[in-house]
Amino acid sequence: MPVDLNTAVPHSARIYDYLLGGKDNFDADRKAAADIVKASPSLPISMRANRDFLARSARFLAEDLGIRQFLDIGTGLPTSPNLHEVVQGVDPASKVVYVDNDPIVLVHARALLTSSAEGSTAYLDADLLDVEKIINSAEVRDLDFSRPVAVSLLAIMQFVPDESRAYEIIDALMAPLPAGSALAISTVTAHNPQAVQAAAVYTARGIPAKPRTDDQLRGLFRDLEVVEPGVQLVHRWRPEPASAPVEDFHVQMSGAVGIKR
Ligand SMILES: C[S@@+](CC[C@H](N)C(=O)[O-])C[C@H]1O[C@@H](n2cnc3c(N)ncnc32)[C@H](O)[C@@H]1O
């Protein structure tokens, strides 16, 4: 079936791709990105800091928690390193299921499917709002639910503005997973005025986006145990010695990792 990219309407995955220097975007996305950067000049730095959080949190889940199965929802366009590259770097037998609802991510999914021979990567075209479809998909059912699974929701929860809906989604995602499973979240912070302005431009362009306070982000972890150092601006979450220094005022995303006990 041909994929309808609906290129006249800006989409978050393509705006994000443009701001990270990618080529998979259209005029409407570039115009929206220009407005967003005008409201929030630090956004490209912030998005890089978020990608670095993706890599560090994935390494933590694989190396420190020993998790070998990953469900990454809101994957975005392939940007190196992709999650499977990080976790298969720790153990080539790791399995990753990627999920996104943007047709252009689907078009590029093949680039996400370059698994190591020992492990696997799969791509599922689905909406975070339809957790039942995700959990019951053949791709996710191929994971072993008697062993821990790490769910990552990176730079996506801002697009689920309603708190009770967000709770329902996270509860439904974590319920079938065994103890030892984990959840990594990064999302737009309400504590940075530039982030609040950028979210307002997304919303005005037809992509409702909600900044969250640290308390609201902690709330998304429900009854999971949030690991040290808790909710932080993403560049402050377990920085590595080689991490490039970033000033707080540029960073518009907070993140944390929680474990199911
Ligand atoms: C800002 S990008 C984040 C990409 C990547 N996770 C990262 O942190 O670098 C957000 C992604 O979430 C996807 N997305 C937004 N709402 C979604 C939904 N309801 N269901 C599935 N994917 C969604 C978008 O298509 C986009 O690819």
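Okay, quick bit of vocabulary to start: I'll call two strands paired if DSSP finds at least two bridges between them. And keep in mind that this is a predicted model.

So, strand 4. On one side, five bridges tie strand 4 to strand 5, residues 182-188, and the two run parallel. Ser152 sits opposite Ala184 there. To get from strand 4 to strand 5, the chain goes through helix 8, residues 163-174, and that β-α-β crossover is right-handed. Strand 4 also pairs with strand 1, residues 69-73, again parallel, through three bridges. Here Ser152 turns up again, as the bridge partner of Asp72.

How much of strand 4 is buried? Five of its five residues, 150-154, are, so the strand is largely enclosed by the rest of the structure. You know the general pattern: in a regular strand, side chains alternate between the two faces of the sheet. In strand 4, Ala150, Ser152 and Leu154 point one way, while Val151 and Leu153 point the other, and all of them are buried.

That takes us to the core. The largest nonpolar core has 75 residues, and Ala150 and Val151 are among those with the most contacts inside it, along with Ile36, Val97, Ala184 and Ile185. Which helix gives the most to this core? Helix 3, with eight residues. As for Ile36, if you skip residues up to four places away in sequence, it touches Ile15, Leu43, Ala198, Val201 and Tyr202.

Now the ligand. There are 20 residues around it, and those coming nearest are Ala13, Gly74, Gly76, Asp102 and Leu154. Leu154 is one of the strand 4 residues we just went through, on the side with Ala150 and Ser152. Helix 3, residues 43-64, shows up here too: helix 3 and helix 1, residues 12-19, each supply at least two residues of the shell. By class, that shell comes out as 10 nonpolar, six polar and four charged residues.

Last stop, Leu106, which is in helix 5, residues 103-107. Buried or partly exposed? Leu106 has 15 C-beta neighbours inside 10 Å, and buried would take 20 or more, so Leu106 counts as partly exposed. Leaving out neighbours within four places in sequence, Leu106 is in contact with Val3 and Asp125. And if you want a distance to check on the screen, the C-alpha atoms of Leu106 and Gly22 are separated by 16 Å, with their positions 84 residues apart along the chain.

That's my tour, over to you.

Definitions and conventions:
Residues are numbered from 1 along each chain as its sequence is written. This is a predicted model: local features need pLDDT of at least 70, side-chain atom pairs count only at pLDDT 80 or more; totals for chains, interfaces and linings use all residues. A residue is near a molecule or strand if its C-beta atom, placed from the backbone, lies within 6 Å of it. Ala, Val, Leu, Ile, Met, Phe, Trp, Tyr, Cys and Pro count as nonpolar, Asp, Glu, Lys and Arg as charged, and the others, Gly among them, as polar. A residue is buried if 20 or more other C-beta atoms lie within 10 Å of its own, exposed if 12 or fewer, and partly exposed in between; C-beta atoms are placed from the backbone. A crossover is right-handed if, with the strands pointing away from the viewer, the path from the first strand over the helix to the second runs clockwise. A nonpolar core is a set of buried Ala, Val, Leu, Ile, Met, Phe, Trp, Tyr and Cys residues joined through C-beta atoms within 7 Å. Two residues are in contact if their C-beta atoms, placed from the backbone, lie within 7 Å.
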